[in-house]
Amino acid sequence: MGRWRGALILTVGLAVLAWLAAGAWYIWIRGPGVAARPLPVPAGDQEVVWLYPSTAGDAWSLFVIGLKRCEMPVNGVPSGVAVDDTAAFPEQTTAVPELVVTRAGFAGRLRIRWYKIGAEASIAAWVEALARRRSAPLAVIGGSTSDRARELAVALNRQVNWRGERPLLLVTTATVDSVPDEAGGPARDLADVYPRHTFRFCFSNSQMVRAVTDFVLQEPTLHPGPAGQPTVRAVGAGAAGPWPALAALPVAARPPTVFPLEWQDDPYSHDLHNGFREYLFEALGGAAAPPRMVDEPAFSVPFSIGSFARPNAGENAALRDILARLPPDNSERSVLVLPTGASAPARRVLLALAERVPASGRRFVAVTGDAMSVNTFYRDAEWAWPARSIPIALVLFTHANPVGWDDPGDQSPPPGYRLEPKTTTEEVFLDHAIGRALIAAAFAPAPPGQPLRLLGRSDEVAAHLRTRPDKFFDDSGNRRSLGGEHVVVVRPTLRYGDTTPSRPRPDATIDVYRRENDGVTWTRVGSVPVHPPGQ
């Protein structure tokens, strides 16, 4: 009996030790400070929170580059801005990365800190912790996705116990137009969830759809319909929004065909799918001359998971319907809507069409939104996008110029922060725009006779953002469609019937166009060849 009792005590003791060891290991692995614990703000300084997941190291690196480049002269005039990046990349993962911004002649420092969202530090937990602190932040930068932007806006709006004025919400790349209402009411604009305090720096899904569609319908090498047919456009001034001049373009004798796909497991896909269907319908003739908008259940693909090149079952069903309804005229180009949040589904569909449809590059133009990075076709093209096997042109959207690298002789970028043609520049330019806007508003000129100081009230900063000379934001805080949209055309090199030996040619060309402020003119701002491996 004593032997069994001793064995039982030993077993229990070992279990307790194992439990304690596991707890210690968990604490050591997770590290201290994983909960939402904002740092204090020194007197005279102000804080801006960069609220992103703990896995967003690459996004933070691009943000640092964008902010550091705010030191560069503007139109030859020194900015007076200094960005201290000493603590931007601390050695300890539990430390808070920080940028410190100062401006010549101004008292006070702007501290931009990355507070990390994680399992024990949710968005709501961070907002609550920031509200409890002695001083509220001046602004919160976040919303890398539409879901996170909505969650952040809801948390900020619900919190009423701020010590000081409510912080602003500066949305980065959340593109959804409207989100479900918390109380079950009708959907509302994302900027209205946290009203009068939200400023969105990216374009919305509807703006993307309009830009991509307008460009395709004006570009002779891409416009849909029979070959040689005039560009199709019949949108009234109201439907065209700020682009009424496009309404004068002629209507086609035979409207083109549109194949709008969507992937059911991707909310972004659903939103963009509906936007393209509605706008293309009006842009290609409307009720007076409706386009052949093929709308079959098979085009709603159940899931987007699949292999690298082989379509999944739902994509195969959609492909069969496309082949069955493809116009018989080999010279007629149809529109293929690919509203996907990742490159893999689009790659599988286009590869399959290239295999099954002769001269597919002349029979389709594919359109999508902003979810596919230009790096897919440029930096990672060798393994991510086999352009030699995909002859179909793809038109996508970017929020800034993705090929805006520094000229070799340009000495203005800070040392170590040049933009080289190794990766795309869209994210850096968008972050730079946020940084410049924030710095200009927070270090705003003072009235005559008053000292220059860093503003300490979010309402003052918001007033400067709303009254920008370029009218960047509308009354709700959304970015205006006043030019600045960029579309990217991945143009594969068509080799149909070309058997003549010649010098090596690129697999594709990436052409980048910017919409000018007149709302009609598109200017090509860059063209990059994509060479096959070994060239």
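**A mixed sheet and its surrounding core**

Strands β15 and β16 run parallel and are joined by three bridges, where strands (E, at least two residues) and helices (H or I, at least four residues) are DSSP runs numbered from the N terminus, and two strands count as paired if DSSP finds at least two bridges between them. The model is predicted, so that local features need pLDDT of at least 70 and side-chain atom pairs count only at pLDDT 80 or more, while totals for chains, interfaces and linings use all residues. Residues are numbered from 1 along each chain as its sequence is written, and side-chain values use heavy atoms, with hydrogens and water left out.

Within the pairing of β15 and β16, L394 of β16 is the bridge partner of A366. On β16 there are also five bridges to β17, and these two strands run antiparallel; here F397 has V487 of β17 as its bridge partner. Strand β16 is mostly covered, six of its six residues being buried, a term that denotes under 20% relative accessible area, as against over 50% for exposed and values in between for partly exposed (1.4 Å probe, protein chains only). From this strand A393, V395 and F397 point one way, whereas L394, L396 and T398 point the other way, and all are buried.

These strands belong to an open sheet of eight, in the order β12-β10-β14-β15-β16-β17-β18-β19, with mixed pairing. The edges are taken by β12 (292-293) and β19, each of which has a single partner strand, so one side of each is left without a neighbour in the sheet. Elsewhere in the sheet, β10 (residues 257-260) and β14 (residues 334-337) pair in the parallel sense over three bridges, and F259 stands opposite L336 in β14.

The largest nonpolar core has 43 residues, and those with the most contacts inside it are L336, L338, L353, F364 and I510; such a core is a set of buried Ala, Val, Leu, Ile, Met, Phe, Trp, Tyr and Cys residues joined through side-chain atoms within 4.5 Å. At least two residues of this core come from each of α8 (313-325), α9 (343-356), β15 (364-367), β16 (393-398), β17 (486-492), β18 (508-515) and β19 (522-530), and α9 gives the most, with six residues. When its neighbours within four places in sequence are left aside, F364 is in contact (heavy atoms within 4.5 Å) with residues that include F259, I322, L336, L353 and I392. A second, separate core has 42 residues, among them V48, V101, Y417 and I439.

Helix α7 (residues 267-283) has 17 residues and reaches 24 Å from its first C-alpha to its last, close to the 24 Å expected at 1.5 Å a residue, the expected span being 1.5 Å times one less than the number of residues. Its buried residues are Y268, S269, L272, H273, F276, Y279, L280 and A283. Seen down the axis of α7, these buried residues fall within an arc of 155 degrees, so they line one face of the helix; the arc is that of the directions from the helix axis to the C-beta atoms. On the other side of α7, P267 and E278 are exposed. The N-terminal end of α7 is capped by D266, a side-chain oxygen of which lies 3.1 Å from the backbone nitrogen of Y268, and just after the helix G285 takes a positive phi of about 140 degrees.

Overall, the secondary structure of the chain comes to 13 helices and 19 strands, and 50% of its 535 residues count as buried.

Methods. A polar contact is a pair of N or O atoms within 3.5 Å; within protein, one must be able to donate a hydrogen and the other to accept it, and residues adjacent in sequence count only if both atoms are side-chain atoms.
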